[in-house]
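The exercises below ask you to read a protein model step by step, with a worked solution after each task. Please keep the sequence and the structure in view as you work.

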Amino acid sequence: MAAFQTSSFFQAGILKDLGYHDLGFISLGLIYGLFAVSNFIAPYIIYRFGARTCMMIGGSFYCAMLASLIYILKPVFLAASCLNGIGAALLWTGEGAAMSSCSTAETQGRNAGIFWGILQLSLIAGSMTANFIIPNQDTVSRSTESNLYITLTSICAAGVLGMLFLKLPSSEEKLKQSSNQKYTDSPSSPHHHLHNTPPTVAKCVRGTLSMFQESIMLLLLPSIFFSGLLLSFWQAQYPNVIANKNKAVPLPKEFKPHEVAYLMLTICAAEVSGSVLFGRLSDRIGRWPILIAGATFACIAWLLIYLNMFKQIWTPTLGAGYAYGFLLGLADSIYNTQTFAALGVLFPRRVPDAFAANFFAKALASAVAFYYNPYVPLSYQMLGLGILSVISTVAFVTAEVRVQRRRGSDCEPLLVSS
């Protein structure tokens with residue numbers, strides 16, 4: 001993930017410098033579009049082959065995409081982007097299943113925070129690599145681009161090999177851990193006995209689709225969709241602003257592609273600190289107060305970006321740009337850790353289905369955003385994201401309150417079927 005996230009920060013700007021125009025955004029749109037669709041079959045592959053195997057296959061597809069950027073052939077690059085999208089579904093759904101297999105209802109928030117924090121620590125390696133390879137110039141040359149992607153492909157391959165050493169609890173151990181928990185998913189769900197008999201592909205697809213019939217899942221969808229749009233903003237749009245590649249936002253000469261590496265470090269610090277701090281805090285005070293804080297951080301960041309970089313009410317500086325990135329990183333870490341924790345707690349018997357549905361909605365949102373990014377003015381995008389952050393927070397709070405009321409009134413396992 002260090003390699004892919006680093007690529008995502010630089011991809012659109014570098015390819016534009018090399019004369020490929022919006023190819024970077026098209027590639028990211030393909031990746032997240034295929035990511036969305038592939039989530040319907042990811043649970044079957046996980047049930048069939050296990051989380052670790054699926055994560056390794058998915059990671060290998062990431063390597064293929066990064067390798068296609070060493071020497072760019074447009075058809076090969078786009079085909080590799082499609083493979084990356086399929087691999088992303090296997091990797092992320094596998095990670096969700098693996099994390100839940102190591103967690104209980106009491107530790108979901110903490111473990112989600114630790115997982116997200118470790119994931120974002122990878123940005124340190126990525127930013128240091130980019131800072132070392134990319135010179136402090138206004139544009140990036142083809143040789144620099146090749147050197148960057150040779151290094152990123154090597155990092156990705158090392159990560160895939162590292163998965164060989166992962167040890168996950170067996171199904172039987174997980175069942176023992178879960179036997180005393182209060183479940184919120186339906187005992188009659190398609191995968192209630194998922195540990196006993198591997199389901200067919202058709203059952204997995206129906207199981208993932210059936211998640212969208214759950215009333216609680218529908219209330220979580222705005223937050224999931226928002227996190228996908230937020231991802232596209234801080235991963236592709238905002239780095240373009242810092243690199244001074246957005247013609248609608250002319251900034252001082254100190255804003256260059258080289259500075260994106262420092263933006264990555266800033267966002268990494270926010271993601272890690274936010275994940276660890278708010279992940280643990282949510283286990284104590286609940287998820288919805290934390291989510292409100294995340295929406296607040298995001299809205300403050302967009303307001304400051306608009307006033308400072310668009311209207312230039314005061315002189316834009318790199319320090320201020322990094323500070324706004326820090327707020328966006330905090331918001332992203334909060335939305336991801338809280339939705340991860342909520343899914344693990346609310347649907348413990350249907351974890352692969354729940355995470356597949358989550359990543360389908362999030363990836364679909366990101367794919368849509370990467371396609372409209374070059375055409376919709378950035379100020380309108382930030383306004384829309386601000387409105388959606390309010391809607392998603394209200395829906396998330398409603399879901400949390402509804403589940404808490406049922407827990408207070410029911411002694412039997414809870415149902416969230418609508």
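Helices, as the term is used here, are DSSP runs of H or I with at least four residues, numbered from the N terminus. The model is predicted, and Gln312 is placed by that numbering in the loop between helix H12 (287-310) and helix H13 (318-346).

**Exercise 1. Describe the overall make-up of the protein: how many helices and strands does it have, and what percentage of its residues count as buried?**

Solution. Begin with the secondary structure, which consists of 15 helices and zero strands. Next take burial, where 59% of the 418 residues count as buried. Then turn to the surface, which amounts to about 16,400 Å², with carbon and sulfur atoms supplying 66% of it. Finally, among contacts between residues at least 6 apart in sequence, 84% join residues at least 24 apart.

**Exercise 2. Work out whether the length of helix H2 agrees with its number of residues, and find what covers its buried side chains and backbone.**

Solution. Helix H2 runs over residues 23-38, and its 16 residues should span 22 Å at 1.5 Å a residue, because the expected span is 1.5 Å times one less than the number of residues. The end C-alpha atoms of H2 are 22 Å apart, which agrees. The buried residues of H2 include Phe25, Leu28, Ile31, Tyr32 and Phe35, and the cover over the buried residues includes helix H1 (2-17), helix H5 (74-101), H10 and helix H14 (351-372). Tyr32 can then be followed further: beyond its neighbours within four places in sequence, Tyr32 is in contact with residues that include Phe4, Leu231, Ala363 and Phe370. Tyr32 is also, with Trp92, Tyr238, Trp302 and Met309, among the residues that touch the most other members of the largest nonpolar core, which has 132 residues. Helix H10 (residues 215-242) gives the largest share of this core, 16 residues.

**Exercise 3. Locate the nonpolar patch on the surface, and decide which helix gives the most to it.**

Solution. The patch is formed by Ile114, Ile118, Leu121, Ile124, Met128, Tyr262 and Leu265, with about 600 Å² of accessible area together. Helix H6 (108-133) and helix H11 (260-285) each give two or more residues to the patch, and H6 gives the most, with five. Ile118, which lies in helix H6, has a relative accessible area of 55% and is therefore exposed, since the cut-off for that class is over 50%.

**Exercise 4. Trace the salt bridges, asking which parts of the chain they tie together and whether the partners are buried or exposed.**

Solution. The structure holds four salt bridges. In one of them, Asp17 pairs with Lys245, the closest N and O atoms being 2.7 Å apart. Asp17 lies in helix H1 and Lys245 in the loop between H10 and H11, so the pair ties together parts that are 228 residues apart in sequence. Asp17 is partly exposed at 25% relative accessible area, whereas Lys245, at 16%, counts as buried.

Another salt bridge joins Arg287 to Glu400, with 3.0 Å between the closest N and O atoms. This pair links helix H12 and helix H15 (residues 378-409), at positions 113 residues apart. Arg287 is buried, with a relative accessible area of 12%, and Glu400 is buried at 7%. Lastly, Glu214, Arg350 and Asp353 are joined into one network by salt bridges that share partners.

Terms used. Residues numbered from 1 in each chain as written. Predicted model: local features only at pLDDT ≥ 70, side-chain atom pairs only at ≥ 80, totals over all residues. Heavy atoms only, no water. Patch = residues over 30% accessible without salt bridge, like charges linked within 9 Å, V, L, I, M, F, W, Y side chains within 5 Å. Areas by Shrake-Rupley, 256 points an atom, 1.4 Å probe, with all protein chains shown as cover. Salt bridge = Lys/Arg side-chain N within 4 Å of Asp/Glu carboxyl O. Buried < 20%, exposed > 50% of the residue type's maximum accessible area, 1.4 Å probe, protein only. Core = buried A, V, L, I, M, F, W, Y, C linked by side-chain atoms within 4.5 Å. Contact = heavy atoms within 4.5 Å.
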